[in-house]
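Visitor: Please give me a close look at one part here, the matter of disulfides. Start with the whole and work inward.

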Amino acid sequence: MNDPNGPIFFHGRYHMFHQYNPQAAVWGNMNWAHATSPDMVHWQHDQIALSPTPGGPDRDGVFSGSAVLDDDRPTIIYTGVAPPAAESEATLRDGVHTWREVQCLAVAEADDLRAWKKRAEPVIAAPPAGLAVSGFRDPCLWKEGDHWMLILGSGILQKGGVILLYSSRDLRQWTYLHPLIDGSPSSNQSVNPVDTGEMWECPDFFPLGGKHVLLISTMGKVRWKVGTYANQVFTPEKEGVVDWGAYYAAKTMLDANGNRILWGWITETRPDAELIAAGWAGAMSLPRTLALNSKNELQMEVAPAVHQLRAAHTSIAYDLSSAARQKFFDSLRLHDLAAELKLEFHPKNEEFEIRLQSESGENFVTISCADKSNGRELRVDNVSAPLSETSGSPVRLHIFLDGSVLEVFANGTTSLTKRVYRIPSSPLRLKVGGDAQLTALDAWQITPISKDRLTGSLCS
């Protein structure tokens with residue numbers, strides 16, 4: 001599985017669609033899988049929602065897209081791919097595939113969103129005339145007055161990434177307006193323009209905290225831009241990276257209470273041969289609630305709904321004696337690779353580290369923070385992320401461990417997702433080192449939602 005697609009809350013239930021290959025644990029043969037949940041935490045797999053139609057405009061793949069409510073009828077617009085009738089029709093050239101990308105529409109046939117009726121012809125059949133695009137996919141939609149608006153991820157070689165803006169009254173007849181935003185040329189070299197930054201895919205655009213936020217995926221990362229949307233043009237004022245680790249193709253939705261929720265595809269970092277041997281690949285991140293801080297930077301925290309999985313809890317007090325603190329760490333055990341940790345450090349010379357280890361001392365993962373010449377840095381094993389706060393300010397970490405997935409959040413504005421393909425020989429112990437003062441620690445055992453989440457397939 002990969003990209004989250006069309007997440008939507010409808011008639012009291014959350015629906016998640018995502019890219020899915022039912023034939024193998026590697027990319028290819030893209031369908032839309034479907035899962036539903038009452039709470040964004042406990043999910044039930046349903047039948048595949050959309051599959052390629054033989055001979056249709058999506059014959060080679062049902063790519064990413066969005067779901068909206070059109071007069072309370074769930075409607076999907078997604079990218080379909082097929083071989084181009086002529087070389088001039090090709091919009092996707094990544095060094096492996098050459099495809100024509102078009103935008104297709106499907107309407108739910110019932111309120112359970114299990115069956116969908118596709119429109120036979122694309123609703124957007126080609127890029128705007130005169131644009132030699134380096135990609136044309138992943139529609140995102142919203143309502144603006146009495147018009148629907150739609151953006152597509154795209155790019156123009158030697159000019160940079162671009163987000164194309166369209167308008168429609170009925171979701172079926174679309175008029176191209178202009179770029180929502182243009183990028184800049186890249187000096188990077190690659191056959192695939194996504195890798196150079198000259199194609200922006202998986203765009204998502206939404207209002208938040210009096211501003212607008214644009215998410216794009218390119219060069220292996222999801223990037224956020226916060227700014228002003230006026231006269232149907234977006235002007236960014238701040239920008240950054242959503243997650244510095246194994247995280248891509250993010251997509252948002254509104255939950256039952258109107259909160260902006262972010263989903264992301266947690267990618268694999270092991271070779272294809274190991275994915276095939278394991279029989280599975282890809283995972284969905286925990287739901288993250290988005291907001292803007294006082295500096296108009298994107299901040300996120302795991303949605304409170306996840307708290308219902310908390311089980312046994314233990315904590316230490318700020319004024320605990322050294323002996324009592326040592327006794328706490330000696331007795332703490334995290335079982336079944338399922339835990340939540342909250343820690344706060346007050347740095348002295350900025351350096352500290354957290355190690356999760358087996359009882360025999362076998363290292364599972366190391367999380368550290370240190371001062372670098374260009375600022376503070378958070379590090380999870382061999383993956384690093386900058387910390388924007390000033391030197392000497394507290395560092396607050398919120399960590400979720402679930403099988404091979406470790407999601408780490410620092411001070412609300414930095415996140416890093418790491419894959420750890422090990423199963424330790426015993427429950428994990430927690431060791432804290434360095435010069436920073438640990439002022440708070442809460443640890444929860446987490447109750448897994450699945451009985452078979454830990455198998456030998458996690459081992460590398």
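From the surface to the sulfurs

Guide: Happily! The accessible surface of the protein is about 19500 Å² (Shrake-Rupley method, 1.4 Å probe), and carbon and sulfur atoms account for 49% of that surface. This is a predicted model, where local features need pLDDT of at least 70 and side-chain atom pairs count only at pLDDT 80 or more, while totals for chains, interfaces and linings use all residues. Residues are numbered from 1 along each chain as its sequence is written, and side-chain values use heavy atoms, leaving out hydrogens and water.

Now inward. Of the 460 residues, 53% count as buried, meaning under 20% relative accessible area with a 1.4 Å probe and protein chains only. Contacts, meaning heavy atoms within 4.5 Å, also reach along the chain: among those between residues at least 6 apart in sequence, 56% join residues at least 24 apart.

That brings us to your disulfides. A disulfide is a covalent bond between the sulfur atoms of two cysteines. Here the term covers a pair of cysteine sulfur atoms within 2.5 Å, and a search of the whole structure finds zero of them.

Take Cys104: its closest cysteine sulfur, in Cys202, is 16 Å away, so the two are too far apart for a bond. Cys104 is also buried, at 2% relative accessibility. For Cys140, the closest cysteine sulfur is again in Cys202, at 11 Å, which is too far for a bond. Cys140 is likewise buried, with a relative accessible area of 3%.

Technical notes:
Buried < 20%, exposed > 50% of the residue type's maximum accessible area, 1.4 Å probe, protein only.
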